[in-house]
Amino acid sequence: MISSKYRKFIYFLNSLFIFNFIFAYEKVPFPLIIDTDAAIDDWPAVLYALNQKTQSDLLGITISATGEAHCKPAQKNIADLIYLSGREKEFIPVTCGDSVPLDGFHTFPNEWRITSDSLFGVKIPSNPTPHILTKHSVEWMHETLNNSKKPIVFLTIGPLTNVGQLIKKYPDDIKKIKRIYIMGGALKVKGNLNVPNITENLKNKYAEWNIWIDPLSAKIVFNSSIPLSIVPLDATNQVRVTRDFLKQLKSQIHSKSAKFYADILDRNLDFIDSGEYYFWDVLSAASMYMPFCTEKKVNLDVVTKFDLSKSGEEQMKSFGKNFSLVFSQFEGNMQNRHPYEQIESGRTIEKVDKDKKLEHEICFKVDGDVFKDHFIKALNNSKE
């Protein structure tokens, strides 16, 4: 049997000499902003990045409150994860953005939002000195970009609301962003909106959640001139969370971060057994640091069709009883908002760019075994 260390070495050699296109990763220490919706797949991704202290300078973490967790609990949970990782003495601010997308009425199911707010009931110590700021995420991003001596790398692992707003409000900030790593989209595989007994009323079979929640923001980001490295479902579908992985993780717990993630997985055995739980955000975070992905260059866009035959209230009701929290989410935010068409809006599509000015790097093939081995070691803050 080939050892994981040797397999990793062979894969790295292949990445240098065989594959012509290796997904961009940051080869030197870099300044980093994480934009997250603080959900189950985000927590290990954030902990993973926090443990990459020598590889990246984490300037701050912004909350995309259009995602799974609400603003205040998300900020507290992220601040507590900073404490869990042992980096509470550093100034790593946590800010929050808008709770509604740029347009439309899309949201996550009630249960997912509640469990994201509560960390599935897993208890972790509270950060005694949290750096939770009242400043809006977009304003903090703008200020941080303009104060940085180097272009900043972004990792977006939730809806793209904050970044879309940033580009729309401060277009000159584009040149200050080195690259955005995005977990989002689906190209040659089906979307992941349809979950039995939860989202059966959603008709879209093509979209991925992060893009579907705020299609307009995603469209703005995809059509900007910022270099993008995108990890779609095509890649994440290749690396499933399994009971075997949980067993492997439990056999190698040497940190509070690893123990926390094992506890989260123990609370989600049904999710694991469903076969629909993948390393979405963690894989995207890891792609910044290691050459896990083989890439292809594709120019992407997002479908943003509206259905003006329905009112916002009618569309929100059509999502079903599992989305009833949407009414409080959009309370006071109904004006000048348009219901999206529900068959294709939020779908990620390829488009022809004759000048090849906006080609995006798309991760389409992953070495899952190398990734999992690296992730567990990184979660334990171990040397490779």
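**Thr156**

I started with threonine 156 and asked whether it is buried or exposed. At 0% relative accessibility, under the 20% cut-off, threonine 156 counts as buried. I am working on a predicted model, so I keep that in mind throughout.

Threonine 156 sits in strand β5. I then listed its contacts, skipping the neighbours within four places in sequence: Asp35, Val163, Ile180, Tyr181, Ile182 and Met183. Strand β6 covers residues 177-183 and pairs with β5 (residues 152-157) in the parallel sense, over 5 bridges. For the register of that pair I noted isoleucine 152, which stands opposite isoleucine 177 in β6.

I also took one long-range distance. From threonine 156 to phenylalanine 375 the C-alpha atoms are 18 Å apart, with the two positions 219 residues apart along the chain.

**The sheet**

Next I wrote down the strand order. The sheet is open, has 9 strands and runs β4-β3-β2-β1-β5-β6-β7-β11-β8, with mixed pairing. Which strands are at the edges? They are β4 (132-136) and β8, each of which pairs on one side only. From one strand to the next I get an average twist of 25 degrees.

Then I looked at β11 and its two partners. Strand β7 (residues 228-231) runs parallel to β11, joined by 2 bridges. There, isoleucine 230 has isoleucine 362 as its bridge partner in β11. On the β8 side, the strands run antiparallel and 6 bridges join them. Cysteine 293 stands opposite valine 366 of β11. I count β11 as largely enclosed by the rest of the structure, because 5 of its 7 residues are buried.

**Disulfides**

How many disulfides are there? The count comes to 2. With the bonded cysteines numbered in sequence order, the pairing reads 1-2, 3-4.

The pair I checked to begin with was cysteine 71 with cysteine 96, where the sulfur atoms are 2.1 Å apart. Cysteine 71 belongs to helix α3 (residues 71-84) and cysteine 96 to strand β3 (residues 94-96), so this bond ties together parts 25 residues apart in sequence. The two ends come out in separate accessibility classes: cysteine 71 is partly exposed at 25% relative accessible area, while cysteine 96 is buried at 8%.

The other pair is cysteine 293 with cysteine 363, with a sulfur-sulfur separation of 2.2 Å. Cysteine 293 is in strand β8 (residues 293-298) and cysteine 363 is in strand β11 (residues 360-366), so the parts it ties together are 70 residues apart in sequence. I read the S-S torsion as about -80 degrees, so this disulfide is left-handed. Here cysteine 293 is buried at 1% relative accessible area, and cysteine 363 is buried at 0%.

**Helix α4**

I moved on to α4, residues 110-118, and picked out what is buried: Asn110, Trp112, Arg113, Thr115, Ser116 and Asp117. The cover over these residues includes α2 (42-50), α3, α7 (209-213) and α15 (326-329). Just after α4 comes leucine 119, and I noted its positive phi, near 55 degrees.

**Helices α10, α11 and α16**

For α11 (residues 256-266) the buried list is Ser257, Ala258, Phe260, Tyr261, Ala262, Ile264 and Leu265. What do the buried residues of α11 pack against? They pack against α2, α3, α10, α12 (269-273) and α16.

Two of those helices, α10 and α16, also pack on each other, so I looked at the geometry, since two packed helices are described by the angle and the distance between their axes. Helix α10 (residues 243-250) and helix α16 (residues 368-379) meet at about 40 degrees, and their axes are 11 Å apart. I have the crossing down as right-handed. From α10 the contact takes Phe245, Gln248 and Leu249, and from α16 it takes Lys372, Phe375, Ile376 and Leu379. Sorted by type, these contact residues are 5 nonpolar, 1 polar and 1 charged.

Phe375 closes the entry: this α16 contact residue is the far end of the 18 Å C-alpha distance from threonine 156.

Definitions and conventions:
Residues numbered from 1 in each chain as written. Predicted model: local features only at pLDDT ≥ 70, side-chain atom pairs only at ≥ 80, totals over all residues. Heavy atoms only, no water. Axes fitted to C-alpha atoms, helices over the stretch in contact; angles between N-to-C directions. Helix = DSSP H or I, 4+ residues; strand = E, 2+ residues; numbered from the N terminus. Left-handed = near helix turned anticlockwise from the far one by under 90°. Contact = heavy atoms within 4.5 Å. Nonpolar A, V, L, I, M, F, W, Y, C, P; charged D, E, K, R; others polar. Disulfide = S-S within 2.5 Å. Buried < 20%, exposed > 50% of the residue type's maximum accessible area, 1.4 Å probe, protein only. Pairing = 2+ DSSP bridges.
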